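Let's take a walk through this one together. Have the sequence and the model open as you read.

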Amino acid sequence: MKLLIVDDEELTRSGLVSSIDWEKLGITEIRQASDGIYGLQEARDFLPDIVLCDVRMPRMNGITMLEQIETFLPQVAGIFMSGYSDKEYLKAAIKLKAINYIEKPIDPAEIAETIQKAVEQCQKQSLEQLAASMNLLQAARKRKLQNQIAQLDMLLGI
């Protein structure tokens, strides 16, 4: 799984990267961005499965950024961090179906637990998409076989 960390505080980003065993959680690649604009650009290039972001950042806040990311990555799992208990941001996070809204100062154990939930959600969505694709493939094969049988019937005059 790929994780994008977006926070305007470099110390927060580097602290997160160094304090958690990401590989143990199933995270294989991590990229960082310093604000919502850079986060959006990085998301277009990186195509993360999970976005862990601060809510309040210069130029573009985390809510707006995740809303825009969801236009091209609708299955992305969002996790918000904030040093503020702002009800409007919390409501927006709920509307975006965020995995969690974590208050700063950050507890690495809470981040790890939330990332684990996000990984599980992403895996479940991948399995559901695979099952749907397999069902479509089976239906297409069945239609093709039925058409071939009908053509054989016509050739044999049945």
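What follows covers the ground rules, the sheet, the helix lying across it, and two residues.

## Ground rules

This is a predicted model, with pLDDT of at least 70 required for local features and 80 or more for side-chain atom pairs, while totals for chains, interfaces and linings use all residues. Residues are numbered from 1 along each chain as its sequence is written, and side-chain values use heavy atoms, leaving out hydrogens and water.

Helices (H or I, at least four residues) and strands (E, at least two) are DSSP runs, numbered from the N terminus.

## The sheet

Start with the open sheet: 5 strands in the order β2-β1-β3-β4-β5, with parallel pairing. Strands count as paired if DSSP finds at least two bridges between them. At the edges sit β2 (29–33) and β5 (100–103); each has a single partner strand, so one side of each lacks a neighbour in the sheet. Direction ignored, neighbouring strands are turned by 15° against each other on average. The angles come from axes fitted to C-alpha atoms (for helices, over the stretch in contact) and run from 0 to 180 degrees between N-to-C directions.

Now for the pairings. β1 and β2 run parallel over 5 bridges, and L3 has I30 in β2 as its bridge partner. Strand β3 (residues 50–54) is joined to β4 (residues 77–82) by 5 bridges, also parallel, with C53 opposite F80 in β4. As for β1, 4 of its 5 residues are buried (under 20% relative accessible area, 1.4 Å probe, protein chains only; exposed is over 50%, partly exposed in between), so β1 is largely enclosed by the rest of the structure.

## The helix across it

Helix α5 (residues 108–156) lies across β1 (2–6), β3, β4 and β5, and runs at about 160° to β4.

Just before that, the loop between β5 and α5 holds I106. At 24% relative accessibility, I106 is partly exposed. Leaving out residues up to four places away in sequence, I106 touches T12, L16, M81 and I111 (contact means heavy atoms within 4.5 Å).

## A buried arginine

What about R13, in helix α1 (residues 10–19)? R13 is buried but has no salt bridge (a side-chain nitrogen of Lys or Arg within 4 Å of a carboxyl oxygen of Asp or Glu). The nearest side chain of opposite charge, E10, is 4.6 Å away; Lys and Arg count as positive, Asp and Glu as negative, with His and the chain ends not counted.

Beyond its neighbours within four places in sequence, R13 is in contact with I5, D7, D8, Q32, A33 and S34.
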